[in-house]
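Colleague: I should be grateful for a close look at one part of this structure. Please take a single strand and its surroundings, and explain them step by step for a first-year student.

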Amino acid sequence: MSFKSTLLIAAASAAFALPGAASAADIASATMALNIRSGPGPQYEIVGAIPARGRAAIVGCIQGSLWCQVSYNGQRGWAYSQYLTAQLSGRSLIVTEHLAGIPPVTYAAPVETVGSAVPVPVITGALVEPPAVSAPLVIAPPPDTVRSYVVSHPVAPVYLNGEVVEGAGLPPNVALAPVPGYQYQYAYVNRAPVLAEPRTRQVEYVYR
């Protein structure tokens, strides 16, 4: 990480630590439940989540990328900016649409992972992003028996560009596995087990 970016992160972090110091452009709302990851990409571990309509502080965004560093309830990590909106001049805009007001940041992998033999997951496609909606999807959690089956019968993981959220679409190359006696099927996408409607391939539930 460059010295300049380090200063930017430190300055932004200090601003968020002071009550009332963050401007409207520094705070974003999640349009739907959104994962927080340990790094800027779908291959990184999920370390937390922002609930639908939850408000998170934006530390900064990587230039030329759709990933931003965020802070929510004390959890620092990275979120996919296509599902983050901020108020600017009375308008609700996707965070990346007004990057001029957001500091740029860079990402440096932890020292212990640099040069390791751990293979980098291969991105095999892209999630179909759900259409913009005025209200987030309200989805009832599936029965505990479904969760138990999905967790105890893992399938080969798939990594796709974007973030896995309820309402997103799975491309044809993602194989779905059946859950006995249940209408939805499942897959492991971007480190998260998901339930999808097999005909439309729409993600109906994400286990976080």
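The answer below starts with the confidence of the model and then turns to strand β12 and its surroundings.

Modeller: The model is a predicted one, and its confidence should be read before its details. The mean pLDDT of the chain is 82, and 76% of the residues reach 70 or more. Over residues 1-25, pLDDT stays under 50, and the model has 30 contacts beyond four places in sequence for that stretch.

The part chosen here is β12, which spans residues 185-189. This strand is mostly covered, since four of its five residues are buried. Two strands may be considered as its partners, one on either side in sequence. Strand β11, residues 177-178, pairs with β12 in the antiparallel sense over two bridges. Within that pairing, P178 has Q185 of β12 as its bridge partner. The two strands form a hairpin with six residues between them, and G181 in the turn has a positive phi of about 75°.

On the other side, β12 pairs with β13, again in the antiparallel sense, over five bridges. Here V189 has A192 of β13 as its bridge partner. The hairpin of β12 and β13 has two residues between its strands, and N190 in the turn has a positive phi of about 50°.

From the pairing one may pass to the packing of side chains. The largest nonpolar core has 38 residues, and L84, L170 and V189 are those with the most contacts inside it. Several strands each supply at least two residues of this core, among them β12 (185-189), β13 (192-196) and β14 (203-206). The largest share, four residues, comes from β5. Apart from this core lies another, of nine residues, which includes V150, V179, Y186 and Y188.

L84 shows what the surroundings of such a core residue look like. Beyond its neighbours within four places in sequence, L84 is in contact with A28, S29, A30, L34, I50, I58, V70, A79, L93, I94 and V95.

A charged residue deserves equal attention, namely R37, which lies in strand β2. R37 counts as buried because its relative accessible area is 0%, below the cut-off of 20%. Its side chain makes a polar contact with the side chain of E163, at 2.8 Å. A polar atom of the R37 side chain also lies 3.3 Å from the backbone oxygen of P42. Leaving aside neighbours within four places in sequence, R37 is in contact with twelve residues' worth of surroundings that include Y44, W67, W78, E163 and V164, and also N190 and R191. N190 is the residue already met in the turn between β12 and β13, and this contact links R37 to the part under discussion.

Aromatic rings complete the picture. A search of the whole structure finds seven aromatic pairs. One of them joins Y80 and Y83 in a tilted arrangement, with 5.7 Å from centre to centre and 55° between the planes. Y80 is buried, as its relative accessible area is 6%, and Y83 counts as buried at 4%. Y182 and Y184 form an edge-to-face pair, with 5.7 Å between centres and 85° between the planes. Elsewhere, Y44, W78 and Y107 form one aromatic cluster; of these residues, Y44 and W78 are also in contact with R37.

How values were computed:
Residues numbered from 1 in each chain as written. Predicted model: local features only at pLDDT ≥ 70, side-chain atom pairs only at ≥ 80, totals over all residues. Heavy atoms only, no water. pLDDT = per-residue confidence, 0-100. Contact = heavy atoms within 4.5 Å. Phe/Tyr/Trp six-rings, centres within 6.5 Å; stacked < 30°, edge-to-face > 60°. Buried < 20%, exposed > 50% of the residue type's maximum accessible area, 1.4 Å probe, protein only. Core = buried A, V, L, I, M, F, W, Y, C linked by side-chain atoms within 4.5 Å. Polar contact = N/O pair within 3.5 Å; in protein donor to acceptor, adjacent residues only side chain to side chain. Pairing = 2+ DSSP bridges.
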